[in-house]
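Student: I have a model open and would like to understand the labels people attach to it. Could we go through how each one is earned?

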Amino acid sequence: MDRRGFVKLCSGSAAGLALADWTHRAAAADFEAAPPARLVGGDGVPLKAADIPAGEALVFAYPMAGVPCFLINLGDRAAHPASMRNEDGDYAWPGGVGPGGRFVAFVAICTHQMSYPQPAVSYLRYAASGSELAGAPGRIVCCAHASAFDPAEGARVTGGPATLPLLPVRLAYDAASDGLAADGILGMAFVQRFFKTYKADLNARFGPGGYREAVGDTTACVPLSRYSGVVPTC
Ligand code: FES
């Protein structure tokens, strides 16, 4: 699906979740708007920011069923807005949302060779307390070929063969309910290449074409340690 097709998909879901009173930390005009999806737990109950652990990433799908994303509570680290660059050019990353600006989200597909969390194994993980590869606490590491990314700085590359940051997912926060929603993404051309590369695997998991289905008004967040059977700790 090209960008025009993606926008059409988005506009076709106007009856979805309305986020008029929700806040972004900063304007992020570079993002492609997508139908908002409330972040809920595996039981379908809306997540509260206060209950999201800082020790590991939660995995959720957005904006389509076959796009895995990480929701990360950065704990004590602040996520500041940053100027970033990906294969399409420059963009403004808005930083974190929620209390302390601690909550960030990225597409969990490594920009090096597209390693991503699968039910059997995930070579990509958030190393909250650091690791040999991470070099410092709070990095996203990819054990496939040893790349590392800093989620507090827009998931910029901090080491390894990857040259581009992870794709950002825009979050919105509602102080009244302490809830979070995803409502935008940047880098759909990369996602389309991912779909093409892993089409057979994705069809096997989601049914023919199911990986391209929009997630709807809610999307379930699952700790990575439950989402994938094996999570190497490089
Ligand atoms: S696929 Fe992640 S480092 Fe190569």
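**From values to labels**

Tutor: Gladly. Let's start with a strand pair: S3 and S6 run antiparallel and are joined by five bridges. Keep in mind that this is a predicted model.

Student: What makes S3 and S6 a pair?

Tutor: Pairing takes at least two bridges found by DSSP. S3 and S6 have five bridges, so they count as paired. One of the partnerships is leucine 71 with alanine 105 in S6.

Student: How do you know that S2 pairs with S14?

Tutor: The same cut-off of at least two bridges applies. S2 (residues 58-61) and S14 (residues 222-223) have two bridges, in the antiparallel sense, so the requirement is met. Valine 59 has valine 222 as its bridge partner in S14.

Student: And what lies on the way from S2 to S3?

Tutor: Six residues lie between the two strands, which form a hairpin. They pair in the antiparallel sense over four bridges, with alanine 61 opposite proline 68 in S3.

Student: Why are S13 and S14 called edge strands?

Tutor: Each of them pairs on one side only. The open sheet has eight strands in the order S13-S1-S12-S11-S6-S3-S2-S14, with mixed pairing.

Student: Why is alanine 57 called buried?

Tutor: The label needs 20 or more other C-beta atoms within 10 Å. Alanine 57 has 30 such neighbours, so it counts as buried. This residue sits in the loop between S1 and S2. Its contacts, leaving aside neighbours within four places in sequence, are Phe70, Leu71, Ile72, Arg125, Tyr126 and Leu224. The C-alpha atom of alanine 57 is also 9.2 Å from that of cysteine 221, although they are 164 residues apart along the chain.

Student: Which way do the residues of S2 point?

Tutor: Leu58 and Phe60 point one way, Val59 and Ala61 the other, and all are buried. In a regular strand, side chains alternate between the two faces of the sheet.

Student: How do you know that the buried residues of H2 are on the same side?

Tutor: Those residues are Met188, Val191 and Phe194. They cover an arc of only 105° around the axis, so they lie on the same side of H2.

Student: Which residues touch the most other members of the largest nonpolar core?

Tutor: Cys69, Phe70, Leu71, Phe106, Val107 and Leu171 do, out of 67 residues. Strand S6 gives the most to this core, with five residues.

How values were computed. Residues are numbered from 1 along each chain as its sequence is written. This is a predicted model: local features need pLDDT of at least 70, side-chain atom pairs count only at pLDDT 80 or more; totals for chains, interfaces and linings use all residues. A residue is buried if 20 or more other C-beta atoms lie within 10 Å of its own, exposed if 12 or fewer, and partly exposed in between; C-beta atoms are placed from the backbone. The arc is that of the directions from the helix axis to the C-beta atoms. A nonpolar core is a set of buried Ala, Val, Leu, Ile, Met, Phe, Trp, Tyr and Cys residues joined through C-beta atoms within 7 Å. Two residues are in contact if their C-beta atoms, placed from the backbone, lie within 7 Å.
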